[in-house]
Amino acid sequence: MKILAIETSCDETAVCVLDAQGALSRMEFSVLGNALLSQVEAHRQFGGVYPSLAKREHAKNLVPVTEMALSEAGLSIPPGKKIPDAVREELQKLFVREPELFEAFIPFIESIAVPDIDAIAVTQGPGLEPALWVGINFAKALSVVWEKPLYPINHLEGHIFASLLENGIIAEPSFPALALVISGGHTELLLMRDWLSYERMGQTLDDAVGEAFDKAARMLGLPYPGGPEISRLAELARTEGVLPPVVLPRPMLHSPNFNFSFSGLKTALLYAVKNIPEMTPQVQMGFAREFEDAAVDVLVHKSLAALTESGAQALIVGGGVSANATLSAALAHAVERLSSSIRLFIPSRTLSTDNAVMIGLAAYVRSCGGGEPSSLASITADGNLSLSSKN
Ligand code: KG4
Ligand code: ZN
């Protein structure tokens, strides 16, 4: 099954073509074409993602990014056909809020033949709704013109399956499995008793951990996105033996549940930074080290408690913060100590942050699990889309 997948939930415009086969017990994937345009530079001046700018950038980038992914897959083959007027009118209605995308869409579609794909997948949520809508409307338009079914996909599920992909294969983890989703918008512990089944064990009560990294970086005068910056400085502090200037709190470390809180950690850092007479590079490194250690301590402690409570046989870590090397090393160590039979899944670097491959993976797993494509009219963006049936 060849799937064209589209991701526009935040500040990456990403499209890929994936070839997938096999059943749930062993699914094989090859990436035929993969393109991604990051908007990080555009958002940096705002110190975070600016939704209306993200929407505009997606509208500008979707056609060239799709063209790149299809070309790489060898599926961008001229000539195309003129779009009949009736279809054109239908498309114009779809793109009523993105006229610039409509202007680019028509010549692109008319320049190539219908590509040899079986389905289209698009992120439905969670994420920034204006950004999600651009991808959804674009995917619907492709679905109309190419007459291909469309799968709406949960972004968090994409992060989970990206973590399970090893050498092009997703093999069944032992269930129950625990998923730790840690990104710029989410911090959740989800228990999977089977494929496509999620019970939320815990979540952040305020900021997401990635968001806390981004805000902490800003306080330290580091650029957006802050996670990789903090991580780089923390590493430098460790190799150079720079000690933290303060001890920061580990919020909710011993709370009798699996919830998280990161806003107290952020505020503690803010006060500590204000009280420092001079922000030298050494002090900055020390703060980065202590902030990272505090966040990692809480994530590891809560994940371990949830593993113990649930008896889960695997820990699947997904989302941008899973790129943090201190975290993955600490988790590996802690899980090994808990039980050598528990498997830890960490996504490869390129699949840890947002991408379209994970959306294609999730569409295929969904289809293997009996999921059907949705009618176009029923697909709407949902900024708060949840994965869990039990909240
Ligand atoms: O999954 P993702 O790409 O986008 C969302 O779905 O939110 O995650 C982005 C988040 C950002 O907050 C970024 O700072 C964080 O992941 N991040 C990291 C690292 N790399 C990315 N946080 C800590 N350490 C890293 N190495
Ligand atoms: Zn994400």
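Me: Before we start, what does "contact" mean here?
Reply: Two residues are in contact when they have heavy atoms within 4.5 Å. Keep in mind that this is a predicted model.

Me: Okay, so which residues does L178 touch?
Reply: Leaving out residues up to four places away in sequence, L178 touches L189, L190, L191, M201, S303, A306, L307, A312, A314, L315 and I316.

Me: What makes L178 stand out in the largest nonpolar core?
Reply: That core has 50 residues, and L178, I230 and F291 are those with the most contacts inside it. Elements giving two or more residues to this core include β8 (177–182), β9 (187–192) and β11 (314–318). The top contributor is α10, with 13 residues. Apart from this core lies another one, of 42 residues, among them A5, L18, F345 and Y364.

Me: Now the metal. How do you know that H155, H159 and D354 are donors to the zinc ion (ligand 2)?
Reply: A donor is an N, O or S atom within 2.8 Å of the metal. H155 (NE2), H159 (NE2) and D354 (OD) coordinate the zinc ion (ligand 2) at 2.0 to 2.1 Å, so they pass that cut-off.

Me: How are those donor residues spaced in sequence?
Reply: The pattern is H-x3-H-x194-D. H159 sits in helix α6 (residues 155–164) and D354 in the loop between α12 (349–352) and α13 (357–368), so this pair ties together parts 195 residues apart in sequence.

Me: Why is H159 called buried?
Reply: Buried means under 20% relative accessible area. H159 has 1% relative accessibility, so it counts as buried.

Me: And why does D354 get that label?
Reply: D354 has 15% relative accessibility, so it counts as buried too.

Terms used: Residues numbered from 1 in each chain as written. Chains lettered and ligands numbered in written order. Predicted model: local features only at pLDDT ≥ 70, side-chain atom pairs only at ≥ 80, totals over all residues. Heavy atoms only, no water. Donors = N, O, S within 2.8 Å, 3.2 Å for Na, K, Ca; no water. Helix = DSSP H or I, 4+ residues; strand = E, 2+ residues; numbered from the N terminus. Buried < 20%, exposed > 50% of the residue type's maximum accessible area, 1.4 Å probe, protein only. Core = buried A, V, L, I, M, F, W, Y, C linked by side-chain atoms within 4.5 Å.
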